[in-house]
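Student: I would like to learn how to read a protein model feature by feature. Could we take one structure and go through it slowly together?

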Amino acid sequence: MTEHRTVTGKRSGGPLAIFVAVGIVVSVTIAFRLPSCGESFWLDELHSAWAVSGTFHEVSPRAAIGNQTTGYFHLLWSWQTMVGNREIEMRLSSVVASCLAAALLVVGVTQRTGSVCAGMVAGAVLAVDPNGVFFGCELRPYAFVILYSVLATWSMMTWIGGSKPSGDKASRLTRNSYGGARWRLAMLFWICVAALVHPTSLGVLALLIPVAFAVAWKTGKLILWRADAFAAIIAVTTLGALAMSSLPESWERRDLWKAFGQATSWWQLWYAWSWVPILGIPIATAAVLWLAVWLIERLVSKRPPHSSTCDSPGGSGWIGMIPGLIGLAGTFVFFCASYFEWVPLWHRRYFVAALPMLAWTTGEMAGCCADALIRIFGGTGKPGFGVTWRIIVSRIGGAVVGVLFIAVMLWYQGTMHTLASGKMPLQLRGERWREAVAVISDQMQNGDVVWLDSQLIEASFLRHPVSQSESIGDAQWEYLRFPLAGPYRLEPVVVVACAEHDSWIRQHLAGLPAGRARVWLIARCGKPAAERFVQRISRYRNVTAAERYGGLPFVLRLDFTQ
């Protein structure tokens, strides 16, 4: 098998080995996501499906009214046109993005470390992590944020992790716009693309910029070039596009995010990611092995330390920890912003760009461990330990370390127990809108009306008197009806809230016929709240309620007698 040099100067497996590794990781990525793609869309996904269910020109306003930027939805509209609009077909867009992200992790980390096993570990972390699976098969933009995060991280690591230019080489690199300029531009480009897809990703990805510049300056790799002017243009253009998007309007309504984005305990930071198997154990293991290397080379063998990808003493392996530490810092920033009530953004969807950074560092540390094992058991300077032995130790050691890292992660996250029981670790949302709508459609008669309580935060005005809601326009009402206006369609639909003000109850009852009437209440609030709502309705009009679907959303048939 042929081998090629990596950016670190080490040898890695040739194209065939990398191709096989990518194939394995992509297969695992698909296997962990595909079983979760067939369930009914949940509320947020229903917004995505509704936004692309009309014409191309309707995509932007529908995305914007749901507090989303529009780029992802135009891509999704095109995907739906080509593939179809069923659940599994639509979610495949995110699965494909996840596969690309995992594959790029394999290639990028392999390039950096010279170890195919290290690349496989990085890709496998993203492939099997429950949060990676959850966002990787959801009909939302987060799988694409993960993909762009991988590309931005790879660009940064290629820049700061390469060899230091010197002498004539430095002059040549500068003259040809190398020396990091094109990788800085690539890094900024993918950060900006991620920001346009989901602006909150900047909270993590923007940290790459100052850290990368600081490291490049410290290691002598910061060579400015005229191509950097394009970076400034890209940044300004991106900020201008965000200013003209729905972001400013969403920011004005940020207090509504407290319903799901408020951090209340420091333990929430601990449970944000699986810190122990993804970051803690890999870094600790690499540190222990390199301490052993230092002791052997300095105290036992009396031989000088060799150059390495890792920071044995004098290598550059510490650079491999940078993505993971940026992911940690980004998560901490979002937690503090919410915990100290600056802005309620405590939800993984907002800082999901950190996950591939953590995976990258896990892979880097696996490569460091494999390199350390070579130095311990097959280092140069001993008779009989040739290149063949070093390759064998590298492959076996890297495989053992990689398997152990992933096995510990699977055990820690409970995935191993699920697999051992013969089941796939599904990531289900538990909302069965498809089934609930089917029940109503089968029994609905002419003249029936559907009352919808989807628990959208934008419908919180229903908790206040009707007189305070004069500014609610037709577009807002249309948006609030989207759960039943997309793939699961019912008509006519009236937006209600189980906790709505009594004045709204009276108005909704006034819209019904004076005699007998039948209403289908489909409520995401659950059975107890729906039953309390019926009791409040009975104060104004005789009504009997019959449960027709007991899942989420909950369905009641309301029969009015007068």
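**Reading one model, feature by feature**

Tutor: Let us begin with a single residue, Leu-185, which is found in helix H10. Please keep in mind throughout that this is a predicted model.

Student: Is Leu-185 buried, partly exposed or exposed?

Tutor: Leu-185 has a relative accessible area of 23%, and because buried means under 20%, Leu-185 counts as partly exposed.

Student: Which residues is Leu-185 in contact with, leaving aside its neighbours within four places in sequence?

Tutor: With those neighbours set aside, Leu-185 is in contact with Ala-227, Phe-230, Ala-231 and Ile-234. The pair Leu-185 and Ala-227 is a useful example, since these residues stand 42 residues apart along the chain, while their C-alpha atoms are separated by 7.6 Å. Across the protein, among contacts between residues at least 6 apart in sequence, 78% join residues at least 24 apart.

Student: How should I describe two helices that pack together?

Tutor: The general idea is that two packed helices are described by the angle between their axes and the distance between the axes. Here, the axes of helix H10 (residues 181-197) and helix H13 (residues 228-243) come within 9 Å and cross at roughly 5°. Angles under 35 degrees count as roughly parallel, and H10 and H13 are therefore roughly parallel to each other. On the side of H10, the residues that make the contact include Leu-185, Leu-188 and Phe-189, while those of H13 include Phe-230, Ala-231 and Ile-234. Taken by kind, the residues of this contact divide into 13 nonpolar, 1 polar and 2 charged.

Student: How can I tell which face of a helix is buried?

Tutor: We look at where the buried residues point when they are viewed around the helix axis. In helix H12 (residues 208-218), the buried residues are Leu-208, Ala-212, Val-215 and Ala-216. They cover an arc of only 100° around the axis, which puts them on the same side of H12. On the other side of H12, Trp-217 and Lys-218 are exposed. The buried residues of H12 are covered by parts of the structure that include H8, H10, helix H11 (202-205), H18 and H19.

Student: Which residues of helix H3 are buried?

Tutor: In helix H3 (residues 56-65), the buried residues are Val-59, Arg-62, Ala-63 and Ile-65. Seen down the axis of H3, these residues fall within an arc of 155°, so they line one face of the helix. Their cover includes helix H2 (43-51), helix H4 (71-83) and helix H23 (474-480).

Student: What is a good way to think about the interior of the protein as a whole?

Tutor: In soluble globular proteins, nonpolar side chains tend to be buried together. In this model, 53% of the 562 residues of the protein count as buried. The largest nonpolar core has 137 residues, of which Met-156, Ile-160, Leu-208, Leu-484 and Ile-522 touch the most other members. Helix H8 (residues 142-160) supplies the largest share of this core, 15 residues. Apart from this core lies another, of 21 residues, among them Trp-451, Ile-505, Leu-521 and Ile-537. If we return to Met-156 and leave aside its neighbours within four places in sequence, its contacts include Met-187, Leu-208, Ala-212 and Ile-322.

Student: What should I look for in the backbone itself?

Tutor: Most residues other than glycine have a negative phi, and most peptide bonds are trans. Glu-341 has a positive phi of about 60° although it is not a glycine, and Glu-341 is found in the loop between helix H18 (322-339) and helix H19 (354-377). Gln-455, likewise not a glycine, has a positive phi of about 65°, and its place is in the loop between strand S3 (449-453) and H23.

Student: Which of the peptide bonds should I look at as cis?

Tutor: A cis peptide bond joins Glu-491 and Pro-492, with omega about -10°, and Pro-492 sits in the loop between H23 and strand S4 (493-495). A cis peptide bond also joins Leu-552 and Pro-553, with omega about 5°, and Pro-553 is found in the loop between strand S6 (543-549) and strand S7 (554-560).

Technical notes: Residues are numbered from 1 along each chain as its sequence is written. This is a predicted model: local features need pLDDT of at least 70, side-chain atom pairs count only at pLDDT 80 or more; totals for chains, interfaces and linings use all residues. Side-chain values use heavy atoms; hydrogens and water are left out. Axes are lines fitted to C-alpha atoms, for helices over the stretch in contact, and angles run from 0 to 180 degrees between N-to-C directions. Helices (H or I, at least four residues) and strands (E, at least two) are DSSP runs, numbered from the N terminus. Angles under 35 degrees count as roughly parallel, over 145 as roughly antiparallel, 65 to 115 as roughly perpendicular and the rest as oblique. Contact means heavy atoms within 4.5 Å. Ala, Val, Leu, Ile, Met, Phe, Trp, Tyr, Cys and Pro count as nonpolar, Asp, Glu, Lys and Arg as charged, and the others, Gly among them, as polar. Buried means under 20% relative accessible area, exposed over 50%, partly exposed in between (1.4 Å probe, protein chains only). The arc is that of the directions from the helix axis to the C-beta atoms. A nonpolar core is a set of buried Ala, Val, Leu, Ile, Met, Phe, Trp, Tyr and Cys residues joined through side-chain atoms within 4.5 Å.
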